[in-house]
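User: Could you walk me through how some labels for this protein follow from the numbers? I would like to see the reasoning behind each one.

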Amino acid sequence: MLKTSVGIRLLSTSRKSVSVVGSGPSGFYTVCRLLSKSKEPLDVTLWERLPVPFGLSRYGVAPDHPEVKNCEDTFSRCAKEFQTRNASGHTFRFFGNVDIGKDIKLEQLLNSQDAVVLSYGCGGDHKLNIPGEDTANGVFTSREVVSWYNGHPSFARNEKLSSFNWSRVKKVGIIGNGNVALDLARVLLSNQIGEVWAQTDINPLALEKLRTAPIEEVKLIARRDFLHSKFTNKEFRELWELERFGIRGVIRPEFLDLHEIDEANTDRVLKRRVEMITEYMLPFDQRTKKNYKKHRPPKDGFNKQWEMDYLKTPLMINSDAEGNLKSLTVCANKMTPDNRVERLSNQTQDYEFDVLITSLGYGSNPLDEFKSLNIGFVKNHVANKQGAVLNTENEVIPGLYAAGWIRKGSSGVIASTMADAFEVADAVLRELPTSQPRKQSTIDVSNCSFTTWNDWLKLDAEERRRGQEQGKPRDKFLSASEMLEFLNKK
Ligand SMILES: Cc1cc2nc3c(=O)[nH]c(=O)nc-3n(C[C@H](O)[C@H](O)[C@H](O)COP(=O)(O)OP(=O)(O)OC[C@H]3O[C@@H](n4cnc5c(N)ncnc54)[C@H](O)[C@@H]3O)c2cc1C
Ligand SMILES: NC(=O)c1ccc[n+]([C@@H]2O[C@H](COP(=O)([O-])OP(=O)(O)OC[C@H]3O[C@@H](n4cnc5c(N)ncnc54)[C@H](OP(=O)(O)O)[C@@H]3O)[C@@H](O)[C@H]2O)c1
């Protein structure tokens, strides 16, 4: 690990320099595109708050979806190719463990670089803003639970989750039915199936706790109807396929009045979803399409189920005298002809749960300096026009861009995030030749204990080595201090 006592030079007089803030898929795809497309030699610097790269690919994507993390191979190949100056003349540098806005001011980057791309993602939570949400013991956000089981350095040993008594959890409620909610349902329902987790990099401390939970039922609660479900078909199907372990899906018939569907105006994806639900709801032997008869439910499998509940708005979270979660009060909704949700406030009911997870999408925050730098921030993202960041008067701020989730809010898969990053990188390359003169020539990193790309390679090799000993792809370091300690010993 490098700790310098002098400012480092991140630019030369003749070459253009670009800093990218955040090394998740959007930041790394931006870097790769800049380096592979620029005809002029470029100095590209990637800043990351954590000592390690890859953002939600490493700390969001479910541990039983390792193929999704293949993008990390692309990023690693790109870093390797440009880490030392090759024929292209580009340079690439990674600074991990540096929080832009705190350790290094954004203003410093803006003054010393020809372009800055913000790609720092959505690191917060959306709230329901209902009574009990912040006080009942047993209520978690999706980001807390996902970061915990994925071993995120700030959550791997999270006290609230680790000290919670999972051994009494039979009924789980999840609010929202996006793909993260489905990930959570799948992880929780298969908590005791060794073969699912043995060869994954799931946080072993979290798995140990989760395993103790005798979970019988997970209910996913949506405010809209089945046709407006937020999940995608592939993930929905994966949930149904848990029937190979005896874990069944339930959707009550009242939510499946699919005769109302206007066939002519229904898109292919929705038609497929309707076909899927129609077949899966039938007993195994009555299904006619081979596609939905892959795994015969075992006779001696688990007796667990998940349920998709619809047309409910959460009103209140109720706890017992000790402050433990007891139930969730919801009211029924109906969809209006113009597809708005209308509450039927007099139709309320209580659902009893032992754990409740709010899975409402990730929230984002402006950096502290946005105010003093007059950078616009609206509705969960940086104000921008096609990636060019706007000030609070809606004017483009020259040389400042946004990509990925911080550009658009917490929606989109890795493939769409890549397309977004490429669009922004292309705009940067178009505008670099006319960038404004820089005010400073160096960035002072004297107060930072930063990690380099080579440091990451050492951590990566160690995680893989430890994982191999246990028959899994990697065994993650579970805190930033353990990572830095390991590097200091090397
Ligand atoms: C739980 C979950 C599961 C998902 N599963 C899938 C899936 O299976 N398939 C799929 O295609 N997509 C999946 N996605 C979506 C995918 O993860 C996103 O599309 C993608 O990660 C967004 O990339 P990003 O770079 O914009 O943000 P992020 O991945 O969040 O990256 C942002 C990076 O910025 C860093 N950062 C934050 N603040 C600072 C700062 N001040 N200074 C420096 N660095 C900073 C963060 O540490 C992080 O590394 C999932 C998302 C979630 C939440
Ligand atoms: N395997 C994969 O490909 C994968 C896995 C995980 C995540 N992802 C992607 O990552 C992105 C984020 O996923 P996500 O599931 O976190 O978010 P999401 O897809 O936006 O889903 C959020 C859910 O929360 C509900 N919600 C939001 N605010 C609410 C409120 N106030 N009250 C009640 N319900 C509320 C939404 O309902 P409404 O629909 O009514 O707004 C929706 O059901 C998505 O693009 C997703 O596809 C992909």
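Analyst: Happy to, and what follows is a set of labels checked against their cut-offs, for a predicted model.

User: Why are helix 14 and helix 15 called roughly perpendicular?

Analyst: The axes of helix 14 (residues 453–469) and helix 15 (residues 480–489) cross at roughly 105°. Angles from 65 to 115 degrees count as roughly perpendicular, so that is the label for this pair. The axes come within 10 Å, and the contact is made by D455, K458, L459 and E462 of helix 14 with M483, F486 and L487 of helix 15. By class, that contact has four nonpolar, no polar and three charged residues.

User: What makes D460 and R464 a salt bridge?

Analyst: A side-chain nitrogen of Lys or Arg has to lie within 4 Å of a carboxyl oxygen of Asp or Glu. Here the N to O distance is 3.2 Å, so the pair qualifies. Both residues sit in helix 14, and being four residues apart, they are separated by about one helical turn.

User: Why does D460 count as buried, and what is R464 called?

Analyst: Buried means under 20% relative accessible area, and D460 has 12%, so it is buried. R464, at 42%, falls between the 20% and 50% limits and is therefore partly exposed.

User: Which other residues are linked with these two in a network of salt bridges?

Analyst: R58, E463 and R474 are linked with D460 and R464 in that network. The closest N and O atoms of E463 and R474 are 2.7 Å apart. E463 lies in helix 14 and R474 in the loop between helix 14 and helix 15, so this pair ties together parts that are 11 residues apart in sequence. Both E463 and R474 are buried.

User: How do you know that R252 and E307 form a salt bridge, and which parts does the pair tie together?

Analyst: Their side chains meet at 3.1 Å, N to O, and the cut-off is 4 Å, so the label holds. R252 lies in the loop between strand 11 (247–251) and helix 11, whereas E307 is in strand 12, so the pair ties together parts that are 55 residues apart in sequence. E307 counts as buried at 7% relative accessibility, while R252 is partly exposed at 29%.

User: What makes strand 13 and strand 15 edge strands?

Analyst: The open sheet has the order 13-14-15, with antiparallel pairing. Strand 13 (312–319) and strand 15 (341–352) each have a single partner strand, so one side of each is left without a neighbour in the sheet.

Terms used: Residues numbered from 1 in each chain as written. Chains lettered and ligands numbered in written order. Predicted model: local features only at pLDDT ≥ 70, side-chain atom pairs only at ≥ 80, totals over all residues. Heavy atoms only, no water. Pairing = 2+ DSSP bridges. Helix = DSSP H or I, 4+ residues; strand = E, 2+ residues; numbered from the N terminus. Axes fitted to C-alpha atoms, helices over the stretch in contact; angles between N-to-C directions. Parallel < 35°, antiparallel > 145°, perpendicular 65-115°, else oblique. Contact = heavy atoms within 4.5 Å. Nonpolar A, V, L, I, M, F, W, Y, C, P; charged D, E, K, R; others polar. Buried < 20%, exposed > 50% of the residue type's maximum accessible area, 1.4 Å probe, protein only.
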